[in-house]
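Welcome! Here are some exercises with worked solutions, to be done with the structure in view. Try each task before you read on.

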Amino acid sequence: MSNEAVVMKNVCKDFKVLNRHEGLKGSIQDLFSRDYKTVSAVKDVTLTVNRGEIIGYLGPNGAGKSTTIKMMTGVLEPTSGELLVNGKVPYKNRTENCENIGVVFGQRSQLWWSLPLIESFKLLRDLYMVPEKDYEEMIELYRSLVDIEPILHKPVRQMSLGQRTLSDILAAFLHNPAIVFLDEPTIGLDVSMKAKIRELILGLNKEKNTTVILTTHDMGDVDALCRRIIIIDEGTKIYDNDIEHLKNYFGSYRTLKIRRTDDTWEEYLIDEKTTDVMDVIMEKQKEKKIKDVKILEISTEEVIKKIYEGGAR
Amino acid sequence: MNPKRLLAITRAGIMESLQFRLGIFVTLFANLIYLVLVYYLWKAIYDSSGTDVVNGMTFTDTMIYLILATALFNFLEMFVVWDMSRKIQSGALVLDLLKPMRFRKYTFWSYTGNHVVQFVLTFIPTFIVVMIVTGGAIPLGLNIVWFIIATVFALIINYNIEMLVAPICLFTESTWGINIVKETIVLLLSGATIPLAFFPEKARMVVQYLPFRAVYDIPLSILLGKSGSDTWQGLLQLFALQIVWMVVLTLAGNLFWNCAVRKVTVNGG
Amino acid sequence: MQKRGLIFYARMYRKILVQDLKSKMSYRADFVISTFGMIMTNLSGFVTFLILFRNFPTINGWDYYHMLFLYGFSLVALTPVQCFFDNNWNLRFMVQSGDFIKYCFRPVNVFFYFISEVFDVKGLGQLAFGIGTIVYAWVHIGIPVTPLVIVKLIVYLLTASLFMIALMNFAAATCFWIKGSGYVMVIMFRFKDFAKYPASIFSGIFKVIFTFIIPIAFIAYYPSLVILQPGNVPPLSWISPLFGIVFVYLSYKFWMLGVRKYDFTGS
């Protein structure tokens, strides 16, 4: 097998949508309208994901993340461009492609709602034709990584959101796929559950050398899991490199935190190339009394925010 | 209740229904096919019977009755039971209960928008088709006014029947079962599948006083000038029956709904 | 790589079905109410039938018992679609909410995976009702009972059920293209009520339409003629199994085309 898990070359995806008019009169007009417009969800994206990598695939809402993943999983056909997953065109070989991928999509459970988890696992084992030995090994691996006993015999519909997400991730890895797509796996979870899930993903990635493509809005996920990130905005790739590199790029930025006498914190993002931090402190001092000052390196969160706002273009 | 607000909800309901543009055309088309089926079936039935009038209904009467019953059915159709069960499962019901308006009222007025669209897009075209095909067999006069009033009553009665049934979803997950029982009973006993005139005498005596008849049979009888609606006394009797049921069902629906909601708030939805 | 053949799918279906039945046991109230609902619809249909025959002794030359046979025949023919293809009713909600996408992530046929998820037990009540009706009518008409006739009956009942399956597949799949197409399924399901009347009532262009385009005539009428008029079976009756297979195949292709064309914007 080649070293590339995913190869995308100049991939575009367009959707045709009806131009809707406003108001009641507009609604009636729309009944007969043939006024379509083309919306480009993904524009000319080229990227490569290597085996064993954990990639953070980031972008603001509606940037085209989901569309890209739907193309990689073979659900959508690219309008143009070349897309290979595990060396195959996913849309043309959907079932074959599905053998080698695992997907956790949104907060939608893909397990059988009213079945205990273990029964879902058994059905999946049969669907993917996993040999008994590999299956047992995988369950053992799961046991060593997380405490699965409390959820194994529980129907999915009775689980908490955290347990359900955990189950879905375990189910996605069950057939030992080459690539796993995780779409916002930690959304809505509490802090300890988030940590647990990150640990699990890291553990599975290490043990099985599984490629993980992760979309998230939680920079905690990115910091904990990804070395490399790809950022997409309005369908165009705007960043693709190490996370460290990104921080260097914004290396001259500092987060200045000022505590006032009434114990409220104020935050300022300062580019040291253009502004002197001390000047800002002095100026703020003039406004109102300062009790405490902290100068921090820029956080991933701030960097991403900066990029979404157009800092890297 | 502020009438402007009601109008706004109705308007939003209309716009929502119009969103499904292809759906509307398909519905129209499917209805036409259905009418053709009804036509052929009853033509065959009357042809085999050898007489023109059965139980006071001619072929034309029966046709008009059944076709308009279907159109009325589309016009009155509500999915309150389904909506309710989906809302319960997704937890959205709690959100609806928080809206600054009584839930029952809100549902009613947002459906009104849909009713308006259905009336214009299915009932009126069907009515015109029937008029053309039968060569104007439907008398056009004051009966149209009475028919419209009776239809509004029917709408309210139908809504209250729905609202009586829908809260059952709070107690059981069997939406399909509940809905099918309701639909079957309403369609059979209201005369939507087979005109009440064809029912055996004894059965008709009973069915006549049930609320289901007030949904389809009474408006259609009034439109066609049947069931004594051509006299003032008969007309008043029919209206009285509708009004009595409207009041009874509204009260019962209110009571049941309040009990059911108390259950939701106790269990936290 | 192993291939997933018919045996794989049959085994998989059995396993999913067993699991589904197990989990259904946990919803006892639902089962009771649904079964009650099913009995109610059948009773209501039967009452309508009786009322009709009280007023009109024959319909298009068909007497009470022949019509009853046709009625029972149509009920039995509806059972497979109700038992095995019931998930079609959920399709449009799944598509609208975006939940449908989960069926596309498995290395099996999407249609199979979707349909296998639900097995509907309540259809069995209708089967019993239908068989009872057929037997009752059979005895009164006095059709001789031979092994050959029984085999024919089973083959043509299965044939008839194919058409209903195809119709509902077509109706359900419209939701991939048309928003708010729920009514198509409702009305298609209501069309089946006309299957219990002899198709000879149609004439002209509509005879063609209800035979070849919306094949209501095949849901009971043509297949049942093989049993009811053994001396005078129209060619359309004989070849109806072939037609049935073609229709189901086309409906399956249409359904799958919908999956491919759909843009999954629901999420």
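**Exercise 1: A sheet in chain A**

Strand β10 (residues 253-260) of chain A is joined to β11(A) by seven bridges, and the two run antiparallel. Strands here are DSSP runs of E with at least two residues, helices are runs of H or I with at least four residues, and both are numbered from the N terminus. Two strands count as paired if DSSP finds at least two bridges between them.

Before going on, a word on the model. It is a predicted one, in which local features need pLDDT of at least 70 and side-chain atom pairs count only at pLDDT 80 or more, while totals for chains, interfaces and linings use all residues. Residues are numbered from 1 along each chain as its sequence is written, and chains are lettered from A and ligands numbered from 1 in the order in which they are written.

Task: find which residue stands opposite Ile258(A), and work out the strand order of the open sheet.

Solution.
- Step 1. Ile258(A) faces Glu266(A) in β11(A).
- Step 2. The open sheet has three strands in the order β11-β10-β12 (chain A), with antiparallel pairing.
- Step 3. Its edge strands, each pairing on one side only, are β11 (265-271) and β12 (290-297) of chain A.
- Step 4. On average, neighbouring strands of this sheet are turned by 20° against each other, direction ignored; the axes are lines fitted to C-alpha atoms, and angles run from 0 to 180 degrees between N-to-C directions.

A general reminder: strands of a sheet pair through backbone hydrogen bonds, either parallel or antiparallel.

**Exercise 2: Another sheet, and the domains**

Task: locate Val7(A) and name its partner in β4(A), then place the domains of chain A.

Solution.
- Step 1. Opposite Val7(A) stands Leu84(A) in β4(A).
- Step 2. Five bridges link strand β1 (residues 4-18) of chain A with β4(A) in the antiparallel sense.
- Step 3. The open sheet here has three strands in the order β2-β1-β4 (chain A), paired antiparallel.
- Step 4. β2 (36-50) and β4 (80-85) of chain A are the edge strands, pairing on one side only.
- Step 5. Neighbouring strands in this sheet are turned by 25° against each other on average, direction ignored.
- Step 6. Chain A is assigned domain 1 (4-10 + 46-247) and domain 2 (252-297), with bounds from an automatic or database domain assignment.
- Step 7. The C-alpha centres of these two domains of chain A are 40 Å apart.

**Exercise 3: Chain A and chain B in numbers**

Task: how many helices and strands do chain A and chain B have?

Solution.
- Step 1. Chain A has twelve helices and twelve strands, and its C-alpha trace spans about 70 × 60 × 45 Å along its principal axes.
- Step 2. Chain B has eleven helices and two strands, which run α-α-β-β-α-α-α-α-α-α-α-α-α from the N terminus.
- Step 3. A residue is buried if 20 or more other C-beta atoms lie within 10 Å of its own, exposed if 12 or fewer, and partly exposed in between, with C-beta atoms placed from the backbone. By this count 36% of the 313 residues of chain A are buried, and 42% of the 269 residues of chain B.

**Exercise 4: Helices of chain C**

Task: follow α2(C) to what it packs against, then decide whether Thr133(C) is buried or exposed.

Solution.
- Step 1. Helix α2 (residues 28-55) of chain C has 28 residues and reaches 41 Å from first C-alpha to last, close to the 40 Å expected at 1.5 Å a residue; the expected span is 1.5 Å times one less than the number of residues.
- Step 2. Its buried residues pack against α8 (175-189) of chain B together with α6 (123-141) of chain C.
- Step 3. The contact takes 35 residues from chain C and 34 residues from chain B, where two residues are in contact if their C-beta atoms, placed from the backbone, lie within 7 Å. On the side of chain C that touches chain B, α2(C) gives the most, with 15 residues.
- Step 4. Thr133(C) lies in helix α6 of chain C. Thr133(C) counts as buried because it has 22 C-beta neighbours inside 10 Å.
- Step 5. Leaving aside residues up to four places away in sequence, Thr133(C) touches Leu68(C), Tyr71(C), Gly72(C) and Leu75(C).
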